[in-house]
Amino acid sequence: MTNLPKELNAEGFAIVQENTEGAASEIRLKYPGKHSIPRHGTWPQQTTSGNLRDRVKTSYPSSTILIGTVKSTAPHAGLYEFGTQTRHTDSGATRGASPPHPVTVPTARKYRRKMETELIAMVQRHGLETSGG
Amino acid sequence: VADPAAVDAAVIAKLLADTALMTTCTDKVYRDLAPQGATRFVIVNLQDAHTERQFNQIGFEEYVYLVKAVVKGKSGIDANTAAARIDALLENGGAGGSLGIVTGYGVMTTGRIEDGWRVRYTEADPDNEDERWQHAGGLYSVWVSPS
């Protein structure tokens, strides 16, 4: 979208921002919040810190190019998303391997598709033609 | 009948059939989680799926998989070697052609997702400072068309 006419930049930025913030909000909702997990059998009480949810950040690095980014900045975000072989509770108990938890990838892709559809509709509304995938 | 599980199975079968990959990842290929005791393996995990409709019916389906090698140890060499092999098998249609016959589907192509496709991290074991797990792989799309 680097060659978007300046006249359309504000309208395009609104679409980018709406979808960037939408993705961030949905990612936060999908991440576990701060809560305690009830004792189960002989397992000790577990807690989740809510760090994943608290550390989802958005940014808009350019004023001229339509770019919005969503970053999950918690140190263990990648481990949560893509899985681990060792997993430990806050109390230090071993719980074995943890499978991947797809959150950011599917959410970001969903909002990107939506954003692209909306941007194409916007430029077409203004009489421009679009082509390609 | 098109069953998405057949796509999952085809991806796993393609990886399992590759001698070079299985030489590095001797504990084979698993969906989501490997069994306890496995130390060199490949994980396949469905990350995303979406459908493109055409003329009021399903035209294409896209499945995005995390495909990563997991190798226990401090060196990342074997995990990276396996990741390179995974990429050769799945990027841009992959070595040896497509996924082959997938019941209920025609396979269009496989390849890296549009960006942010690479996955690489080292996992430390909090209980054992000498222990590491190397994770290396990527995110790959499989495009299929129900037949």
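## A tour of aromatic pairs and nonpolar cores

Begin with chain B of this predicted model, which has an average pLDDT of 90, with 96% of the residues at 70 or higher; pLDDT is the predictor's confidence in each residue, from 0 to 100. For the complex, the predictor gives an ipTM of 0.86 and a pTM of 0.86. Residues are numbered from 1 along each chain as its sequence is written, and chains are lettered from A in the order in which they are written. Because the model is predicted, local features need pLDDT of at least 70 and side-chain atom pairs count only at pLDDT 80 or more, while totals for chains, interfaces and linings use all residues; side-chain values use heavy atoms, without hydrogens and water.

**First stop: chain A, Tyr31 and Tyr80.** Select Tyr31(A) and Tyr80(A), an edge-to-face aromatic pair with 5.6 Å centre to centre and 75 degrees between the planes. Rings of Phe, Tyr and Trp (its six-membered ring) pair if their centres lie within 6.5 Å; planes under 30 degrees apart are stacked, over 60 edge-to-face and the rest tilted. Tyr31(A) belongs to the loop between helix H1 (6-30) and strand E1 (35-37) of chain A, and Tyr80(A) to helix H3 (residues 77-82), so the pair ties together parts 49 residues apart in sequence. Helices (H or I, at least four residues) and strands (E, at least two) are DSSP runs, numbered from the N terminus. Tyr31(A) is buried at 1% relative accessible area, and Tyr80(A) is buried at 19%. Buried means under 20%, exposed over 50% and partly exposed in between (1.4 Å probe, protein chains only).

**Second stop: chain B, Tyr30 and Phe41.** The ring centres of Tyr30(B) and Phe41(B) are 6.5 Å apart and their planes stand at 75 degrees, so this pair is also edge-to-face. Tyr30(B) is partly exposed at 25%, whereas Phe41(B) is buried at 0%. Add Trp133(B) to the selection to show one aromatic cluster with Tyr30(B) and Phe41(B).

**Third stop: the largest nonpolar core.** Select Leu15(B), Leu21(B), Val42(B), Val44(B), Val67(B) and Ile86(B), which touch the most other members of this 25-residue core. A nonpolar core is a set of buried Ala, Val, Leu, Ile, Met, Phe, Trp, Tyr and Cys residues joined through side-chain atoms within 4.5 Å. The most residues, five, come from H1(B).

**Last stop: a second core.** Return to chain A and select Ile27(A), Leu52(A), Ala74(A) and Val103(A), which are among the nine residues of a second, separate core.
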